[in-house]
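The report that follows goes through helix packing, aromatic pairs, charges over rings and a few individual residues. Please keep the coordinates at hand while reading.

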Amino acid sequence: MTTVTTQAPAGSGGMPRQIAYIIGNEGCERFSFYGMRNILTAFLTTSLLLYLPEEMRAGEAKHIFHNFMIGVYFFPLLGGWLADRLWGKYNTIVAFSLIYCVGHACLALFENNLTGFYTGLALIAIGSGGIKPCVSSFCGDQFDESNKHLAKIVFDSFYWIINFGSLFASLLMPIFLKSYGPSVAFGIPGVLMFIALLIFWMGRKHYTILPPAPKDPHSFWQVLKSGILSPANGRRGGWLFAAGVALAIYGSLNLGQGLVAGFCLAFVLVLFSASLAAWWQLDALRGQHPDEALQGVRAVLRILVVFALATPFFSLFDQKASTWVIQAGLMSKPEWFAPSQMQALNPALVMLLIPFNNMVLYPALRRAGIEPTALRRMTAGIVFSALAWIVVGMMQLHLDSGDALTIAWQILPYALLTMGEVLVSATGLEFAYSQAPLSMKGTLMSFWGLSTTVGNLWVLLINAGVASSAMKSTVAASGLSLEAFLMFFFAGIAFVAAALFGLYARNYRMLSHYRSA
């Protein structure tokens, strides 16, 4: 593949005109993704998993859904690496978008075939994951030091258009699934994905396309390798890495969460051990690598701590498309209203909250002497998500007691969770790009996506943990149902994560890594 490099007028300071193509592509792609994702649990429980006993379908649907989401947010690592090292962002987006389209075709064609349908999910996970870090970082590449102040507006707009697509997908796809069947309901998102690719391709002559970074003997990965292999300090880096690999192998083979979850869990543990080994050995690597490279790695590792502390938020957020949909099915509602349509509240509220926060809330906080920095916003967002799950847990207690609850009660937790999403996810895109060194934009954006993979891993591991007979007996003795216990448990994890995130954020030094004007 070839790489073409164009440049926007230096020092222009204005909004890049080519942003419209990227935003249009993102809107159609997100309609495509959320269109299939938001009906996936309903389709699995009512169609594809009918061969299972009824009491097992909801649990298996949640397991499949979260394994799929793990894949979606794991493959950004592949896409980010290819973009940064081999193909460049533009070519990577086009290639993975084609895989994405084939995956959608499989869902539409193999509605009654387990192997064909799961193949489609795998291809969508690869395609969606592969483009995820590239599109947002490619958007950031269109800015330089002269107009970087406009990047926040575009990243907010970027997130706004994501939810514009998600809103209509959440409203319409359950209707198409019910009225026209899965072939049409899964086929329409495939058509939107093709349109997304077409819009992106139409802007090819206008983009600023930065070439892949040349091979660097002092890159992040090379420094990690040196830290592991260094004989300094009794080879503690190597011993720590070996312990991490052993734990990764044990965990992937013995936790029984399937191939995808097991592989991703092993990768996360290996990455964690390699990062910790390098952190401990950085001072010993002076002379082997320049100080600038070592400081860059130290900065990236500090960013990864921020990402790690955000993972409990994604554990809570992604369950709105599984646990909350299943709960909605137990609540009273109009006959024409599908439980999965409640998810339309989330993007609708995002579209309201982003301009409200930027035009009303943040200016008011500044007038009060409180600067809403990125890390402060993210801390507050994790707290809001925990509050949402406290409310959902209280609702589950009423349902377990036999009380009839209208589905309208879910509006409150959706509002709280959406505020958390705006403060964490939208801010996280801006934070990840601004903090990433120029040579690691795609890779570090993919690490931000990996936060969601880890969040979904938490869901599978915690659900598996409470499935043991001993844990079930403990929960039963508390008087709570398993569902209610898990809701309060996830809320508690988020409160702890918010406290740790806030403490770490107080000492984090913000950086600025935009290209020169």
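## Packing of α2 against α5

In this predicted model, helix α2 (residues 54-74) and helix α5 (residues 114-141) pack with their axes 7 Å apart, at an angle of about 35°. On the α2 side the contact is made by Ile64, Phe68, Gly71, Val72 and Tyr73, which meet Tyr118, Leu121, Ile124, Ala125, Ser128, Gly129 and Lys132 of α5. The residues of this contact divide into eight nonpolar, three polar and one charged.

Gly130 also lies in helix α5, and because its relative accessible area is 0%, below the 20% limit, Gly130 is buried. Its C-alpha atom and that of Phe74 are separated by 8.8 Å, although the two residues are 56 residues apart along the chain. When residues up to four places away in sequence are not counted, Gly130 touches Phe75, Pro76, Gly79, Thr92, Phe96 and Ala125.

## Helix α3 and the residue after it

Helix α3 (residues 76-87) spans only 14 Å between its end C-alpha atoms, whereas a straight helix of 12 residues would span 16 Å at 1.5 Å a residue. The buried residues of α3 are Pro76, Leu77, Gly79, Gly80, Leu82, Ala83 and Asp84; of these, Pro76 and Gly79 are also among the residues that Gly130 touches. Just after α3, Gly88 takes a positive phi of about 85°.

## Aromatic pairs

A pair of aromatic rings is described by the distance of the centres and the angle of the planes. With ring centres required to lie within 6.5 Å, the count comes to 26 aromatic pairs. One of them is formed by Phe74 and Phe267, which are edge-to-face at 5.3 Å centre to centre, with 85° between the planes. Since Phe74 lies in helix α2 and Phe267 in helix α10 (residues 258-281), this pair ties together parts that are 193 residues apart in sequence. Phe74 counts as buried at 10% relative accessibility, whereas Phe267, with a relative accessible area of 28%, is partly exposed.

Another edge-to-face pair is that of Phe164 and Phe168, at 5.1 Å centre to centre and 65° between the planes. Both of these residues lie in helix α6 (residues 151-180), four residues apart, which is about one turn of the helix. Phe164 counts as partly exposed at 34% relative accessibility, and Phe168 is likewise partly exposed, with a relative accessible area of 36%. Elsewhere, Tyr21, Tyr90, Phe138, Phe200 and Tyr207 form one aromatic cluster.

## Charges over rings

Which residue lies over the face of Trp201? It is Arg204, at 3.7 Å from the ring centre. A lysine is placed in a comparable way in the case of Phe317, where Lys320 lies over the face of the ring at 4.8 Å from the ring centre.

## His66 and Val459

His66 lies in helix α2 and counts as buried, at 0% relative accessibility. Leaving aside its neighbours within four places in sequence, His66 is in contact with Asp318, Gln319, Ser322, Asn456, Val459 and Leu460.

Val459, one of the contacts of His66, has its place in helix α16 (residues 441-466). At 0% relative accessibility, Val459 counts as buried. Apart from residues up to four places away in sequence, Val459 touches His66, Ser315, Gln319 and Phe490, and Gln319 is thus listed for Val459 and for His66. The C-alpha atoms of Val459 and Ser166, which are 293 residues apart along the chain, are separated by 23 Å.

## Positive phi values in α9

Two residues of helix α9 (residues 232-254) deserve a look at their backbone angles, and one of them is Asn233. Its phi is near 55°, a positive value in a residue other than glycine. Asn233 counts as partly exposed, at 47% relative accessibility.

Arg235 lies in helix α9 as well, and its phi is also near 55°, again a positive value in a residue other than glycine. With a relative accessibility of 44%, Arg235 counts as partly exposed.

Methods
Residues are numbered from 1 along each chain as its sequence is written. This is a predicted model: local features need pLDDT of at least 70, side-chain atom pairs count only at pLDDT 80 or more; totals for chains, interfaces and linings use all residues. Side-chain values use heavy atoms; hydrogens and water are left out. Axes are lines fitted to C-alpha atoms, for helices over the stretch in contact, and angles run from 0 to 180 degrees between N-to-C directions. Contact means heavy atoms within 4.5 Å. Ala, Val, Leu, Ile, Met, Phe, Trp, Tyr, Cys and Pro count as nonpolar, Asp, Glu, Lys and Arg as charged, and the others, Gly among them, as polar. The expected span of a helix is 1.5 Å times one less than its number of residues. Buried means under 20% relative accessible area, exposed over 50%, partly exposed in between (1.4 Å probe, protein chains only). Rings of Phe, Tyr and Trp (its six-membered ring) pair if their centres lie within 6.5 Å; planes under 30 degrees apart count as stacked, over 60 as edge-to-face and the rest as tilted. A charge sits over a ring if NZ of Lys or CZ of Arg is within 6 Å of the ring centre and within 35 degrees of the ring normal.
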